[in-house]
Amino acid sequence: MKAQDTLLYLDGVSVSFDGFRAINNLSLVLQAGEMRAIIGPNGAGKTTMMDIITGKTRPDCGEVNFNGEVDLTKHDEAEIALLGIGRKFQKPTVFESHTVEDNLVLALSGPRSAFSALFHRQSANEAERIEDILYTIRLNGKRDWLAANLSHGQKQWLEIGMLLAQDPKLLLVDEPVAGMTDAETAETAKLLREIAKTRSVLVVEHDMHFVRELDVKVTCLHEGSVLAEGSLDFVSNDQRVIEVYLGR
Amino acid sequence: MITQWFFTHVDRRGGVAIALLVAIAFLVPLSNLLLPESSPLHIPTYLVSLIGKYLTYALLAVALDLVWGFCGILSLGHGAFFALGGYAMGMYLMRQIGPRGVYADPVLPDFMVFLNWKELPWFWYGFDNFWFAALMVVLVPGVLAFGFGWLAFRSRVTGVYLSIITQALTYALLLAFFRNDMGFGGNNGLTDFKDILGFNVQAGSTRSILFAATALFLALAVFVSSFIIRSKLGKVLVGVRDAENRMRFLGYRVDRYKLFVWTISAMMAGIAGALYVPQVGIINPSEFEPANSIEAVIWVAVGGRGTIVGPIIGAVLVNFGKTYFTAAFPEIWLFALGALFIVVTLFLPKGILGLYGSWRTRLADRAAQKRDSTSQSPVANENVQLTEPQAAE
Amino acid sequence: MQLNRSLSVLLLMLGLCFHAAGASAQSSGDEKLRPLIQALAGDNFDDTTKAVSDLVRTGDPRVSMILNALGAGDLYVTKADQTVFLGKREGADYAASDPLTGAKLDPVPRSAAEKIKVNNRLRRDIAAAIGGLTLMSDDIAERRSAAEAILKTRDPGSIPLLDQAIAAEKDAGVKALMQQAKAAAVLNSEATDEVKVAAIAEVSAGNSRDALGLLTPLESVGGPVGEAAKAAIASINSKLALWNGIQNIVYGLSLGSVLLLAAIGLAITFGVMGVINMAHGEMVMIGAYTTFVVQQIIRTSAPGLFDYSLLIALPAAFLVSGAVGVVIERGVIRFLYGRPLETLLATWGISLVLQQAIRSWFGASNVQVGNPSWMAGSFDLGLLTLTWSRLWIIVFSLSVFAILQLVLKKTMLGLRMRAVTQNRRMASSMGIRTPWVDALTFGLGSGIAGIAGVALSQIDNVSPNLGQGYIIDSFMVVVFGGVGNLWGTLVGAMSLGIANKFLEPFAGAVLGKIVVLVLIILFIQKRPRGLFALKGRAIEA
Amino acid sequence: MFNLPARFIGTLTAAAMGASLALPPAKAADDTIKVGILHSLSGTMAISETTLKDTMLFLIDEQNKKGGVLGKKLEAVVVDPASDWPLFAEKARQLIEQDKVAAVFGCWTSSSRKSVLPVFEELNSMLFYPVQYEGEESSRNVFYTGAAPNQQAIPAVDYLAKEEGVERWVLAGTDYVYPQTTNKILKAYLNAKGVKDEDIMINYTPFGQSDWQTIVSDIKKFGSTGKKTAVVSTINGDANVPFYKELANQGIKAEDIPVVAFSVGEEELAGLDTKPLVGHLAAWNYFQSVDADANAEFIKEWHAYTKNDKRVTNDPMEATYIGFNMWVKAVEAAGTTDSNAVIDTIVGTSVPNLSGGYATMMPNHHITKPVLIGEVQDDGQFDIVYQTPGLVVGDEWSDYLPGSKELISDWRKPMSCGNFNIASGKCGGVTN
């Protein structure tokens with residue numbers, strides 16, 4: 001495996017909270033341009049793994065490497081975001097008192113300092129990108145709506161749109177279809193596949209149907225470490241996976 | 001051109017407030033100084049300094065709203081910045097007394113003479129110069145806020161924890177300023193002022209000028225706040241208030257944004273204190289009382305947090321109520337004030353301006369319902385207030 | 001000072017012939033005593049002092065009783081004919097009796113009589129005189145206090161008397177005390193150096209604090225006495241230094257338990273329910289006023305129960321404050337769940353209203369809450385003086401803490417409470433009536449604040465401002481310990497108390513307090529969720 | 001949930017606020033003379049000041065029964081400055097400018113007096129200040145009817161040194177200006193009398209101090225050197241009750257280490273069980289137990305007025321009584337309530353005090369007082385153990401402070417100066 005193809009590299013990562021080992025000697029490799037689905041029972045450490053990658057939680061030990069050279073454990077959330085890792089939360093999190101458009105404006109890549117924000121003026125280029133994203137996330141008719149007034153699914157999309165505006169190399173997506181209708185789920189899968197053409201994506205999801213629709217390599221976590229990895233069919237036939245997760 | 005620039009940064013309500021403030025900055029002193037006392041439009045000096053005092057409180061409230069209303073940082077210690085600004089101005093006024101103090105000491109303020117201080121402490125140097133003092137008015141609260149905020153925001157102290165340590169900050173300062181050994185006059189504070197910039201502080205004309213300055217500074221504060229809030233920075237702040245983590249994962253250094261607005265707000269509070277002192281004639285440690293800071297929070301809440309103009313209305317109204325009730329019902333006025341706070345939080349959760357706002361929204365809704373049957377208003381409404389972000393998680 | 005000397009010479013003579021005097025002298029003594037008693041009502045303290053010494057000189061055994069009455073301020077004199085009588089206040093009159101025979105006299109209107117004035121100096125002299133008279137008393141307590149009085153006056157004249165008493169003394173404790181007193185007197189006398197050095201050894205074996213007082217003046221004396229005194233002082237001082245550390249810890253625990261009491265109710269209303277309860281201090285105040293009312297009722301209708309007044313006040317305060325809490329929760333707070341910061345404003349309003357209500361009702365001044373006898377006084381623990389009230393408060397606050405833990409962990413209410421605070425929707429779908437649980441939880445927190453008020457009424461003043469004095473400290477404790485964690489509150493309170501007491505001796509009380517506040521601010525930077533933060537992945541948003 | 005009531009109550013509140021915008025109109029003031037009462041009725045100081053408000057209402061009531069002043073009835077204007085110093089200044093201005101009161105009786109703390117002082121000077125009105133204070137002030141518009149340090153502290157120290165043979169002193173106070181100044185004066189005084197620095201312990205505590213364990217135990221230690229020790233307490237307000245409770249519980253008896261206080265009176269003792277405190281001292285210019293006809297009469301009427309025969313009287317009440325009567329007498333003498341006339345007339349005015357003598361307004365706007373020292377009794381009253389033989393004139397500028405040694409105050413014409421420097425022969429500061 002050549003280092004330059006590896007976008008994200010976790011090796012021997014462990015973290016525990018008050019004696020509880022949330023992540024236990026976890027290793028994971030994600031190639032540039034790859035989409036990966038993470039499955040696993042509740043408490044398997046999926047969200048904690050994302051916390052570690054995005055700098056919210058510091059691992060007790062282990063190596064977390066991005067883009068072959070950056071040690072993510074040495075950076076905080078904002079820096080990691082600027083390195084090109086975007087994250088979507090389990091519960092859709094958008095700025096409810098801002099309009100859809102303002103949500104995207106805030107997410108657009110660009111200078112992040114307070115002073116540049118104070119005297120910021122929107123350029124034609126930025127307007128164009130926002131237009132594009134609004135179209136991609138199917139919200140172009142609602143640009144002036146307050147985000148608070150969007151439906152649950154629309155909020156999920158808006159959040160994905162914000163990630164796109166951020167222009168990341170790697171997207172971490174936590175349960176994107178929770179609470180969505182079937183139609184919305186299908187639409188979301190399509191959206192993610194579209195996105196994965198240009199960047200790497202890590203999707204955490206319970207919905208097997210959805211995972212199947214993504215049609216990518218699957219990693220199953222259990223008790224903080226990797227239980228099995230491979231195609232969905234391969235993983236879902238693994239005896240241990242069936243025992244701890246699928247079978248019940 | 002200028003008006004156009006102005007209106008791109010200020011909404012209509014802010015514009016009206018600024019216009020009104022500028023108008024009273026000129027009209028009130030004119031009416032006080034030029035109209036005869038018999039005229040029904042004459043405003044007595046008593047009212048000029050009273051309203052002047054209210055306006056300094058309003059300035060404090062605007063400063064507090066900037067951090068609380070728009071950035072979600074509930075400060076229970078903003079009175080400390082106000083008091084520090086006040087002390088800086090008080091020190092200037094003290095030095096202006098010069099040899100006219102009761103002990104006729106050309107350098108030492110009276111309280112130092114009778115407590116047997118031999119020389120001026122170093123931190124009093126320079127305060128005989130107005131511009132130095134004016135600089136300190138913003139610098140001292142600013143530096144304290146910066147240091148405090150730098151520590152707190154970097155460590156991600158939020159919600160109630162932050163509120164309580166701001167309270168600890170002002171409480172510690174209260175105790176410190178009470179100490180005579182600090183060199184700020186102990187509990188009696190700084191008083192017996194004579195001149196400001198060569199004008200007698202007690203003269204009617206000086207009072208009018210101070211009043212005008214207060215009104216203009218308040219107008220400026222409204223403008224600055226509007227400018228900040230309507231910029232992208234303001235949107236970031238609201239984003240921080242509503243979903244701090246989202247902001248962080250978008251790559252914003254949330255602590256720096258907070259620190260920026262926190263420091264600006266502390267400086268505004270310092271200016272408010274500096275304008276307050278010459279109009280009230282005394283500054284003493286009671287300004288550091290945690291209760292004072294809590295009251296300032298209440299002004300903001302009553303007026304409507306997250307609206308720039310609301311806190312002005314709240315500060316003036318609550319203080320007017322206090323003035324009125326303490327004279328009209330001296331024995332039971334606390335019942336009235338206490339009840340006011342309860343009623344406002346229960347029935348006007350968005351404050352007075354919020355009530356006005358939701359009333360307008362409702363009208364707009366009704367109109368919209370007439371137009372089509374969609375129940376939700378798709379129109380972005382600046383008045384819409386948010387439910388409390390998970391501040392005390 | 002001078003009086004002491006002359007008195008003791010007298011006592012010496014008297015003591016020797018005391019028992020011989022016997023009863024036969026009594027009747028003849030009456031005529032001798034009368035004018036002397038009359039002389040007690042002199043124009044100034046000097047006259048009274050002289051009359052006291054004259055009385056002692058008579059050697060009459062009843063003198064000690066008369067002097068006791070004088071010291072207690074029970075002797076009065078009529079304005080009209082300057083008759084001295086033993087009075088007891090009874091309505092507008094004094095119930096009068098003869099100071100010598102105890103025979104009942106006609107009651108004297110209060111305006112017609114004057115108390116015979118006694119000041120501190122006179123009281124001290126009287127105590128010394130009585131001490132001399134009662135050194136051989138049959139009552140052990142009287143002998144003890146007699147020895148203590150002499151230990152205080154250090155009168156060399158009383159040495160022979162002490163020798164005699166020591167020889168006769170059976171009780172070991174009193175005997176040791178008498179020996180101490182004798183050594184003290186010896187040090188104050190013209191005795192030889194050897195005798196004094198021996199006395200120094202004797203003195204330094206006893207209570208070190210008293211010993212220090214006796215030895216310090218000898219330090220400047222040269223010769224073997226000075227040397228011995230210096231050595232003894234040095235050893236006492238090193239002992240004191242150790243005890244100072246212990247004292248800081250014990251006093252710190254005591255302050256900490258006061259903080260704990262004040263904060264523990266808040267740990268529930270604020271810590272568990274998330275209500276920023278600014279009216280918490282007023283709940284404490286209501287508890288203290290309940291104690292006052294209970295004591296008032298007991299004073300007027302059942303004075304014998306006074307020692308139990310606090311035990312009666314505890315449930316009463318719990319119920320009153322708890323009920324007020326429930327009313328507040330039902331009336332105001334329940335509309336504010338999910339808006340924690342707004343509970344601050346509403347409860348601030350409530351606290352203003354409650355303060356003013358109490359002020360209108362009971363007046364703005366302090367009201368008097370008495371100490372039952374078991375709360376009064378102090379005891380020595382080594383070189384440490386700890387008052388009973390402080391000790392009981394430590395015990396009490398820890399018991400409250402333990403009981404609260406039990407309630408939360410073991411009872412149905414506690415279980416439901418935790419269920420509701422952790423997941424309201426789930427709890428209510430499981431059939432728990434969440435509004436009812438909310439009200440009871442708030443009531444519990446308020447009730448505990450109320451019983452804290454009962455305890456605080458013993459050491460602080462009971463006024464409408466009582467609560468204001470504790471509210472900031474309470475919030476500091478809860479936040480420092482970690483919101484939502486009772487153990488955090490316990491540890492937080494105790495560590496703040498001890499930190500305060502260690503800072504106080506060298507920084508002073510004011511600076512010490514400031515330093516503690518700054519330390520809290522800095523500490524929160526290190527642990528933004530307090531001492532006992534709940535860790536976990538806790539992903540919000 | 002609250003739609004309907006919200007709108008209703010909102011409207012109601014708005015209406016109430018709108019209505020109150022019109023300030024209460026000042027009544028036609030021809031038939032009465034208005035007197036302002038500026039005492040905190042809420043907040044931390046209400047505990048002390050409420051009584052003085054009641055006293056003023058009582059005195060005005062009594063005066064009106066006697067026919068008022070200058071043939072007009074007196075009318076009390078009560079406001080509540082709420083223990084909030086800037087509010088004191090605002091209320092003072094309101095009383096003078098809006099209500100047009102003839103004189104104001106009020107303030108307790110020095111901070112409140114300092115905050116209203118410029119207002120009284122600017123508007124040339126009169127303030128009668130009834131509480132003992134640190135001195136170092138003399139204003140043309142303020143009349144100090146409470147004690148200056150020389151009318152309380154110094155006689156008390158003299159008494160302890162002479163009567164009790166005290167050689168070692170603990171000066172314990174709350175950390176603010178009055179204790180600091182008083183202790184400075186006392187230290188200078190004691191040093192001048194030959195007391196060494198090592199025999200003086202000075203201790204300051206914050207306002208509202210409630211944990212006295214360490215300090216009381218320190219006092220005990222300081223007092224255990226064999227030399228007779230006493231505590232001079234300038235501990236303020238609320239902190240006294242826990243202090244005395246700790247003192248009593250730790251068993252410090254007055255015979256061993258007496259405590260003499262300057263701010264503990266009958267009112268403060270009412271909140272305490274005084275049995276373990278018998279013999280501790282207080283120095284005042286009046287005690288309820290003073291044996292004088294005027295006092296008995298006053299107490300009787302006070303009880304009748306308050307309909308409560310348990311209500312105690314105290315020193316600041318007497319100071320209020322004296323101040324009020326002086327004002328009445330000066331107004332009658334001047335024939336007008338005009339400030340200038342009354343200020344000129346009042347110097348030299350003598351009125352009876354409650355201890356059987358007379359109080360005279362001196363040219364420095366302080367009054368003459370007897371100094372009484374009382375010992376606490378088990379019934380919460382004081383037993384007077386010492387009284388200065390004559391009256392003591394309040395000394396506004398202390399002789400024991402280097403800065404003020406050379407200053408005197410004389411508001412009579414032609415000097416009319418509050419801080420005349422006898423060394424330079426000039427009136428020190430600006431004096432209006």
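In this predicted model, chain C holds an open sheet built from 5 strands, lined up in the order S4-S3-S2-S1-S5, with antiparallel pairing. The edges belong to strand S4 (108-109) and strand S5 (113-115) of chain C, each of which pairs on one side only. Further in, strand S1 (residues 75-78) and strand S2 (residues 84-90) of chain C run antiparallel to each other and are linked over 3 bridges. To pick out one spot in that pairing, C:Tyr76 has C:Phe85 in S2(C) as its bridge partner.

Chain C also meets chain D. On the chain C side, 55 residues are in contact with 58 residues of chain D. Putting these two chains together buries about 4,500 Å², and carbon and sulfur atoms give 43% of that area. Charged side chains turn up here too, with 7 salt bridges across the interface of chain C and chain D. One salt bridge brings together the side chains of D:Glu164 and C:Arg124, at 3.8 Å from N to O.

Next come the cysteines. A disulfide is a covalent bond between the sulfur atoms of two cysteines. Over all chains, the count comes to 1 disulfide, and it joins D:Cys417 to D:Cys427 with an S to S distance of 1.9 Å. The link between D:Cys417 and D:Cys427 is right-handed, with 95° about the S-S bond. D:Cys417 sits in strand S18 (residues 417-421) of chain D and D:Cys427 in strand S19 (residues 426-427) of chain D, so the disulfide ties together parts that are 10 residues apart in sequence. As for their surroundings, D:Cys417 has 0% relative accessibility, so it counts as buried, whereas D:Cys427 has a relative accessible area of 30% and is therefore partly exposed.

Two cysteines of chain A can be described in the same terms. A:Cys61 comes out as partly exposed, because its relative accessible area is 39%. A:Cys220, at 0% relative accessibility, counts as buried.

Finally, there is chain B. Its unreviewed UniProt entry lists "transmembrane region" for residues 15-35, 55-84, 130-153, 160-178, 209-229, 257-277, 297-320 and 332-356. What does the model show for such stretches? Residues 130-153 of chain B are 100% helix and 0% strand, and the C-alpha atoms at the two ends lie 33 Å apart. Residues 209-229 of chain B are likewise 100% helix and 0% strand, this time with 30 Å between the end C-alpha atoms.

Terms used. Residues are numbered from 1 along each chain as its sequence is written. Chains are lettered from A and ligands numbered from 1 in the order in which they are written. This is a predicted model: local features need pLDDT of at least 70, side-chain atom pairs count only at pLDDT 80 or more; totals for chains, interfaces and linings use all residues. Side-chain values use heavy atoms; hydrogens and water are left out. Two strands pair if DSSP finds at least two bridges between them. Helices (H or I, at least four residues) and strands (E, at least two) are DSSP runs, numbered from the N terminus. A disulfide is a pair of cysteine sulfur atoms within 2.5 Å. Buried means under 20% relative accessible area, exposed over 50%, partly exposed in between (1.4 Å probe, protein chains only). UniProt positions are given in the numbering used here, feature names are shortened, and annotations may be inferred rather than shown by experiment. Contact means heavy atoms within 4.5 Å. Buried area is the accessible area (1.4 Å probe) that two parts lose on being put together, summed over both. A salt bridge is a side-chain nitrogen of Lys or Arg within 4 Å of a carboxyl oxygen of Asp or Glu.
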